[in-house]
Amino acid sequence: MNDIQYEFGMVGLGVMGRNLMLNIADNGFSVIGLDLDPEKAAAVETEAGAGKPVRGTTSAEEFVQSLRKPRALMLLVPAGKAVDAVIASLLPLLEPGDIVIDGGNSYFPDTDRRVVELEAKGIHFFGMGISGGEKGARFGPSMMPGGNREAYERLRPIFEAVAAKVNGEPCVTFLGNGSAGNYVKMVHNGIEYAIMQLIAETYDLLKRGVGLSDDELQSVFQDWNQTELQSFLIEITGVILQKKDDVTGQPLVNLISDVARSKGTGKWTSQNAMDLQAPVPSIDMAVLMRDMSKLKEERVEAARLLPNDSLQVSVDTDRKEFLNQMRNAFYFAMISTYAQGMAQLKMASEAYNYGLQLQDVAKIWRGGCIIRAACLTDIRAAYEQNSSLANLLLDSKIGDDLLSRQEDVRAIVKTAIDKGIPVPAFMASLSYFDAYRTETLPTNIIQAQRDYFGAHTYERVDKLGFFHTQWD
């Protein structure tokens with residue numbers, strides 16, 4: 001038995017757990033890891049190097065007894081039943097006041113259940129979203145914890161030390177009660193889905209629609225990353241387009257299947273948004289297009305039976321002007337997507353009593369995470385100026401930015417329609433903007449139809465109350 005009382009414990013020494021554990025050690029905190037695989041438990045000590053207060057073990061008893069009280073330990077195991085199984089195995093060894101953190105992508109109702117179950121035993125449970133992948137875990141992720149505010153103080157020094165930094169500010173903060181952390185990470189992933197879809201549509205329109213070569217495409221994304229579009233996803237797209245296949249010498253991306261996989265967090269975002277009646281059409285379309293990609297055999301047959309002759313339509317503007325329109329259109333759609341996600345977070349915070357501060361969410365998304373982008377500085381500023389802002393589109397600076405770019409996004413959508421190239425995320429982002437600023441929507445006819453066939457009643461604009469009409 002090692003006599004050191006470790007500051008922090010890590011359960012699950014896979015890629016993420018091991019790298020985050022090494023990050024904690026590099027920042028001067030002693031850390032012990034638990035994994036049933038002896039090789040993983042031993043490897044973490046070797047990787048840390050001599051002199052680092054790092055230990056790996058396969059014994060749950062040794063793991064728990066080696067932690068300083070109140071104990072703080074994180075689970076980085078697959079979401080779902082595995083989390084409950086690990087908690088059940090450790091629970092008899094824990095004491096009131098101890099803190100258990102789930103660092104995986106757990107569905108937020110599971111986190112709420114676990115908070116209640118462990119609270120009954122005097123143990124604090126945190127759901128904490130972590131974004132940044134393997135590299136982020138090792139050198140600085142964005143972390144999104146939710147749970148008990150007082151218990152967070154035990155974790156804060158460690159988390160602030162290991163998180164990514166932007167202008168000296170750590171990309172982690174206490175977000176709110178219960179499952180707030182997991183919920184924010186879920187919406188983060190929904191926004192991620194939508195921005196990835198927007199990039200895919202941009203790539204498709206520039207390649208099939210305008211005829212840019214692979215080298216030209218790579219140059220476009222590389223150049224855009226030096227503009228207001230600067231972001232992690234734009235940056236890595238430029239890197240991806242540059243990569244050549246070792247065997248054929250062709251651009252590797254051209255050899256990758258178009259059947260897109262997913263782990264469900266985008267779907268969860270859309271599903272819960274519908275429960276809250278929070279419109280997030282760009283995220284919805286991103287989820288649906290991944291589903292569409294799976295219909296490969298049907299699409300191959302449809303391409304044969306329903307050929308697209310519209311690709312021969314020429315683009316009216318010159319290439320330089322079109323690329324400028326495309327850049328403005330992407331910025332417009334990206335901001336529209338962030339607006340949808342932040343509006344969902346606001347509604348969820350009110351519905352689930354999270355107490356979210358959206359300026360803090362924008363702050364910790366600026367570094368470390370997958371959706372980090374230069375525009376988050378303006379988004380943070382909008383919420384700092386007005387913390388009760390209902391929607392980003394109502395901020396004067398952001399609203400003016402979109403108004404100045406709306407003609408470009410309309411031109412891009414028209415070009416895509418003329419060429420028969422699907423751009424549903426761009427269309428959804430524009431439609432969201434247009435619908436949100438429409439004072440009177442045509443849904444009055446829907447209310448009348450509902451009353452006609454189902455006697456569901458309707459409200460009037462000239463008097464209060466609910467009314468029913470015998471239409472025929």
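This passage describes the enclosed cavities of the structure and the residues that line them. The model is predicted, so that local features need pLDDT of at least 70 and side-chain atom pairs count only at pLDDT 80 or more, whereas totals for chains, interfaces and linings use all residues. Residues are numbered from 1 along each chain as its sequence is written, and side-chain values use heavy atoms, with hydrogens and water left out.

Two cavities of 30 Å³ or more were found, a cavity being a set of points, on a 1 Å grid over the protein atoms alone, where a 1.4 Å probe fits but cannot get out; grid points are joined across faces, edges and corners, and the volume is the space filled by probe spheres set on the points. The largest cavity holds about 40 Å³, and its lining (residues with an atom within 4 Å of a point) consists of Gly104, Asn105, Ser106, Asn182, Lys185, Met186, Thr265 and Trp268. Helices H8 (180–209) and H11 (265–276) each contribute at least two of these residues, with H8 giving the largest share, three residues (helices are DSSP runs of H or I with at least four residues, strands runs of E with at least two, numbered from the N terminus). Domain 1 (8–174) and domain 2 (185–437) each provide at least three lining residues, the bounds coming from an automatic or database domain assignment.

The second largest cavity, of about 30 Å³, is lined by Leu73, Leu75, Ile87, Leu90, Leu91, Leu94, Val100 and Leu118, and strand E4 (72–75) and helix H4 (81–90) each supply at least two residues of this lining.

Definitions and conventions: On a 1 Å grid over the protein atoms alone, a cavity is a set of points where a 1.4 Å probe fits but cannot get out, and a pocket is an open set with protein on both sides within 12 Å along at least five of seven lines; lining residues have an atom within 4 Å of a point.
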